[in-house]
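Visitor: I'm new to this one. Could you walk me through how to read it?
Guide: Sure, let's bring it up and take it feature by feature.

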Amino acid sequence: MVDSFYLDLAIKKAWDYQCQTLPNPAVGAVILDKFGAILSIQAHKVAGDPHAEVLALQESYYRLSGDSSIFNLFQSQEIHQFLLENAKDYFKDITLYVTLEPCIHRGKTPSCAELLKLLGIKKIIIGTQDCNKEAKGGANALKSCGVQVIKAWEEKELLRAYEDSKALLIPFSSLQSKGSFILFKYASRLDGSIDGGQISSKAAQSFMHNLRTRVDILLISGKSVRLDNPILDCRYATLKDKRPPCVTILTHLRDFPKKAPLFFVPKREVKILHKIEKFEGFVMCEGGAELFKTLIPQIDMVLFFLNPSMQSDFQLHMQLQANFRILYSQQIGDDLILWLQPFRD
């Protein structure tokens, strides 16, 4: 089905920024012109910045009008106002595909549903409903204004796209429902080795450092600190905000040595725990099998980096028994990235 193809493009684009958008959801959008040609494929990138629909409209406006001045605007409110004043009838015949129903409330950014209504778009295909009580309702609001609205969860041919759109929301939904989202990051080579120096490519490191700028807590085991002597900063991040994450070390040692470089990073809080506590916010865990076994009941997703290399002489590899559901796979630099959801007993 044609609609599933374009929703899939939007879903793939959103995964490029997964977790980078927290505490907002990862959302992708695709816009077609009246002839069915793609005008834009965009995604929400960082919380507080324009939503996927607004970025897609911004690029589509340029392609339809040739007016590049709209790219001088970076704030949602500015782009909204510009489109309302200059778009004329450009969007009367467009079709919008979006993974999540457009927000109906005004928060840090204006309502996307209201903008789409005022621009008079013709048709919208939506991947899944919003679980946020304040933001949900955009689909029905647009339908009541005469917009043709197709909801993937009501269409047999789009049920796969609906499930894939819901999978995108796992981090956001976890924060909404229980106040925390726990992501376990793990990297290895093809042979399973995890020792012998740097594993991931520079591009993968940059991706991870971008995520570090968004976390509330970076959780690591005391064993990893003692063996790796890490700094756990964000020096390879490409985002403007390169704040170092606050670090929590989980260890059995009552007198843990504070010699690792991570202790001397400015504007960082380092906390030492001797038992698991209830976490809040976005928690990213970096470690090996022992930390994974300790945290498995709380882990919401696993981010696995697989580097296409082998180590001739290695001693360390992950030793545990676990099963996962593959949510999404992508390549970043030389590495294969797997987003996984643990199966619960």
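Visitor: Let me start with a single residue: is Arg 160 buried or exposed?
Guide: First, keep in mind that this is a predicted model. Arg 160 counts as exposed because its relative accessibility is 64%, and the cut-off for exposed is over 50%.

Visitor: Which residue does the side chain of Arg 160 meet in a salt bridge?
Guide: Here's the general idea: side chains of opposite charge can pair when their charged atoms come close. In this model Arg 160 pairs with Asp 164, at 3.4 Å from N to O.

Visitor: Why are Arg 160 and Asp 164 separated by about one helical turn?
Guide: An α-helix has 3.6 residues a turn, so residues three or four places apart point the same way. Arg 160 and Asp 164 are 4 residues apart in helix H6, so about one turn lies between them. Asp 164 is also among the buried residues of H6, along with Ala 161, Tyr 162, Ser 165, Ala 167 and Leu 168.

Visitor: What do the buried residues of H6 pack against?
Guide: Their partners are H1, strand E3 (95–100), strand E4 (123–128), H7 and E12.

Visitor: How many salt bridges are there by this rule?
Guide: The count comes to 11. One of them joins Arg 63 and Glu 59, with the closest N and O atoms 3.2 Å apart. Those two both sit in helix H2 (residues 52–65), again 4 residues apart. Glu 59 is buried, with a relative accessible area of 15%.

Visitor: And where does Asp 233 lie?
Guide: Look in the loop between helix H9 (222–228) and strand E8 (247–250). Asp 233 forms a salt bridge with Arg 235, 2.5 Å from N to O. The two partners read differently on accessibility: Asp 233 is buried at 12%, while Arg 235 is partly exposed at 48%. Setting aside neighbours within four places in sequence, Asp 233 is in contact with His 209, Arg 212 and Arg 268.

Visitor: What about a residue without charge? How far apart in space are Leu 116 and Leu 142?
Guide: Sequence distance and spatial distance are worth reading side by side. Leu 116 and Leu 142 are 26 residues apart in sequence and 7.9 Å apart in space, C-alpha to C-alpha. Leu 116 belongs to helix H4 (residues 112–119), and its relative accessibility of 0% makes it buried. Beyond neighbours within four places in sequence, its contacts are Leu 57, Leu 96, Pro 102, Ile 121, Ile 124 and Leu 142.

Visitor: Let's zoom out. Which domains does the domain assignment give?
Guide: Domain 1 covers 1–176 and domain 2 covers 179–342. Their C-alpha centres lie 32 Å apart.

Visitor: How much area do domain 1 and domain 2 bury between them?
Guide: The size of an interface is often given as the accessible area lost when the parts come together. Here that is about 1,500 Å², 66% of it on carbon and sulfur atoms. Two elements give two or more residues to the side of domain 1 that touches domain 2: helix H1 (2–15) and helix H7 (170–178). H7 provides the largest share, 4 residues. That side of domain 1 divides into 9 nonpolar, 3 polar and 2 charged residues.

Visitor: How many salt bridges and polar contacts cross between the domains?
Guide: The rule finds 0 salt bridges across this interface, but 4 residue pairs are in polar contact.

Notes. Residues are numbered from 1 along each chain as its sequence is written. This is a predicted model: local features need pLDDT of at least 70, side-chain atom pairs count only at pLDDT 80 or more; totals for chains, interfaces and linings use all residues. Side-chain values use heavy atoms; hydrogens and water are left out. Domain bounds come from an automatic or database domain assignment. Buried area is the accessible area (1.4 Å probe) that two parts lose on being put together, summed over both. A salt bridge is a side-chain nitrogen of Lys or Arg within 4 Å of a carboxyl oxygen of Asp or Glu. A polar contact is a pair of N or O atoms within 3.5 Å; within protein, one must be able to donate a hydrogen and the other to accept it, and residues adjacent in sequence count only if both atoms are side-chain atoms. Ala, Val, Leu, Ile, Met, Phe, Trp, Tyr, Cys and Pro count as nonpolar, Asp, Glu, Lys and Arg as charged, and the others, Gly among them, as polar. Buried means under 20% relative accessible area, exposed over 50%, partly exposed in between (1.4 Å probe, protein chains only). Contact means heavy atoms within 4.5 Å.
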